Amino acid sequence: MAIDIEKLPKVYDPFQVEEKWYNYWLEKNYFHAEVGPGSPRYCITIPPPNVTGSLHMGHALCYTIHDVLGRWHRMKGLNTLILPGTDHAGIATQNKVEQQLAEEGLTRFDLGREKFLERVWQWKEHYGGTIIMQLKRLGCSFDWERERFTMDPGYADAVLEAFVRMFDKGIIYRGARVVNWCPRCHTGISDLEVEYEEEHSYLWFIKYPLKDGAGHIQVATTRPETMLGDTAVAVNPEDKRYMESIGKTAILPIMEREIPILDDAFVDPEFGTGAVKVTPAHDPNDFEIGLRHNLPQVVVIGPEGIMTEEAGKYAGLDRYEARRRIVDELKEKGLLAKVEDYTHSVGTCSRCETVIEPLLSEQWFVRMKELAQPAIDAVKEGRVRFVPERYTRIYLDWMENIKDWNISRQLWWGHRIPVWKCRDDGRYTAARNYLEASQKLGSTDIEQDTDVLDTWFSSALWPFATFGWPEKTPEMDYFYPTDVLITARDIIYLWVARMIFQSLQFLDEIPFYDVYIYATVLNEEGRRMSKSLGTGVDPLDLIERFGSDALRYALVQQAGMGQDMRFSDARVENTRNFGNKIWNISRFVLMNLETGNRPENPKSKIQNPKLEDRWILSRLNRVIRTVNNGFENYDMDDAARSLYEFLWSEFADWYVELAKPRLRTEERAHVQYMLWRVLEASMRLLHPIMPFITEEIWQALPHEGESIMVAPFPEADESLIDEEAEREMEFRTETTRRVRELKTYTGVPLRQSKRIYLAPQPESIFEDYSRRLMQDKSFMPATSGTHVEQVIPGAKPPTDMEVVVTQTAGATPVYMEAPAMDREKELSKIDSELASIEKDFARSLGKLSNEQFISKAPAEVVEKERRIAAELEGKKREREERKKALGG
């Protein structure tokens, strides 16, 4: 009795299948991991996406890789935990709620801090789970029972503890620095949160009169509005042009303030005139010059981007309006020497794209030198490994030149800085709560700092705070350090480095062994994916059209450690077709299995297994080895490609075709077993990448166990790897392809029988292969509708034969009985085809010899052109061989 083929309907419907199996896995609690002392485990804590977020292509790649590794290790028998969660995303979330309030005609100040925070929590509960639901749709087998949020109560305790310990050790300090200030977000942001854009602007050359009346000194600036806060002019001490000016006094135009002309080695003599204005309150480099020379700090632009009272008559103006009016006044007074076009990088807030304002501000900082060195040593000593290795140098370069970290943000949403200050005398301390602060300060008249911590401060604790730190929990003992961090290259500084030094500081332990940096997903033109630029591809849209498995496979297939990937809908469509191919061959296998039980292995009855049986088992075990190595070494693209090639080009195209006639012979039981064995193992191999379709097929096949998710992952049986069988099979497949080509050339239908002669080199291995192929009465009829009539080593066949030479397999000539034809007409046809091919071939070679094309065209376009050239060259050679065979 045949297996009920209705288990696999004719057409695969990913949407019914995906929801069904995801719910099943949840019901079975397969995603959950318990502490199991002594048992091998595997653990990853995912990069927590912003609670404001929705799935984009970078997320889809990142979390697919997490799931592939998690499913693989789970199937290998490891107690596997992939711990999920979300980040409170201070600025991003506050901006979302402020936008919502603006639609109601309100600001956060209208509500006040407490009411505003209530609104943010409401927003978080309503919208914050969107990305989690999308990760489930992607098929992520994360332990949702352990889901964390960076502001849940336990996590908040960890942040408090970390801050207080660092404060008490003197690592956190308060200081005035020029920070990157966002006038829109009303907060300071770190250097790493500033994005730079090229902007066409101007360089204004301004004359500063000398007090002694002996002329003027000329400076160049891109920001005339800040000149109102100048407290010096500086020149390089080696600049001979200004030797006489050093020590003199200049008069600041408009403000009429006396300012010194001083020398400082930082000044670049090549910029502008070589003399620069010094504005300590509005430029970080000028701030450092000011410290060295004890200059006053005059703040002329306020937190809103509005000129302050210190700006005199320009007070109250927007900074850009002030710029315009100041330039006009300088012109009127004859103090604007000239204006030049100038292109330079302008810093913008990564959250809202507002041009940042360098602003002198009191902030909280972390002293980094002490923390950086152990984190440098951990990587240099190999305790933390970057994959690809090139990112090691990027990490070390930054850590070895690190600056103190500004950790305070002028926001309301986030972890409020646990510093308390006496109202009467200004003394302050860090404390976990009001009571502790009162005891430390000896006063009850205290208030807490209004700022919140940089989001990355709390995120830096993620690998261990999620396991209950500062408590010593069983989870910490068992799951920590985690095995790998999988992340994007743009947060190596923002997040990866900070997790490493915080883990070393608080636990004297690394947070993870490996850091895998995945490729950036670009669109097919090589541009950054962005919804606002219209270059984005929505992964959820692709899931709706093609299913989650197709998207996952398309991403993993390109997840190499080389260049960034170029992605398009067409790739997902191609992998959807791959899924359909797997579905169809699975239906064929099921239709030919006779019971619901696992087929018996009748190998004991098979005296001489056929070549294709030895070959497919050899290829299967090679692929098993490749896939395991690929997952082990983060070469997931190798794993994906090898599975594609094996299942489509080897199992489906060759083995299944060869199996069809054998199923009608006494070999039926053996062939049934082989089809089941290869397909069942292949589904387990493919499961980490395409979990849904593989579960559906595996459940329809005879199997052991309740889910493929917890079935053992295949291990290669090296004894079944048969190089001789692979070489001989390569000879047969190449010979078959050439016969098919001959039939195509000559217009012979594929299934029409024709005599075939093979002429291998005498006494070569290819003679042996040829004779065995002739003796095998099923191979050629099944694959090309022909049979090998004679093997004639080194000889010429009858003159009525067509010839083509194998490109591999010893360049064995393959002759086929020629159909009746008009020789002259055929030669004319070949000449016409050759002329067209040679024209296209010359055009293709011209492109490939063009250096501009090679250097500027997308890599995929160049690679496609190379494939076209190779294909045309092959066609040219084939036509020439055929022409020669016809005596032309």
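Leu252 stands opposite Arg257 of strand β11 in this predicted model. The pairing belongs to two antiparallel strands, β10 and β11. Strand β10 covers residues 249-252, and β11 covers residues 257-263. They are joined by 4 bridges. The hairpin that they form has 4 residues between the strands. One residue of this hairpin, Ile254, adopts a positive phi near 70 degrees.

A second site centres on Gln410. This residue is placed in the loop that links β17 (408-409) to β18 (419-422). Gln410 counts as buried because its relative accessibility is 16%, below the 20% cut-off. Its side chain takes part in two kinds of polar approach, one to backbone and one to side chain. A polar atom of the Gln410 side chain lies 2.8 Å from the backbone nitrogen of Gly188. The side chains of Gln410 and Asp451 are joined by a polar contact, also of 2.8 Å. Both partners recur among the residues that Gln410 touches beyond four places in sequence. That set also holds Cys185, His186 and Thr187. Arg108, Trp181 and Gln363 complete the list.

Helix α21 spans residues 636-662 and includes Trp648. Ala639 lies in helix α21 as well. The two residues were examined in turn for exposure and surroundings.

Ala639 is buried, because its relative accessible area is 0% and the limit for burial is 20%. Beyond four places in sequence, Ala639 touches Val627 and Phe631. Ile689 is 50 residues away from Ala639 along the chain. The C-alpha atoms of Ala639 and Ile689 are separated by 9.4 Å.

Trp648 has a relative accessible area of 23%. It therefore counts as partly exposed, since that class runs between 20% and 50%. Leaving out residues up to four places away in sequence, Trp648 touches Asn577, Phe578, Lys581 and Asp653. Lys581 is 67 residues from Trp648 in sequence. In space, the C-alpha atoms of Trp648 and Lys581 are 7.2 Å apart.

In helix α21, then, Ala639 is buried, whereas Trp648 is partly exposed. Gln410, in its loop, is also buried.

How values were computed: Residues numbered from 1 in each chain as written. Predicted model: local features only at pLDDT ≥ 70, side-chain atom pairs only at ≥ 80, totals over all residues. Heavy atoms only, no water. Pairing = 2+ DSSP bridges. Buried < 20%, exposed > 50% of the residue type's maximum accessible area, 1.4 Å probe, protein only. Contact = heavy atoms within 4.5 Å. Polar contact = N/O pair within 3.5 Å; in protein donor to acceptor, adjacent residues only side chain to side chain.
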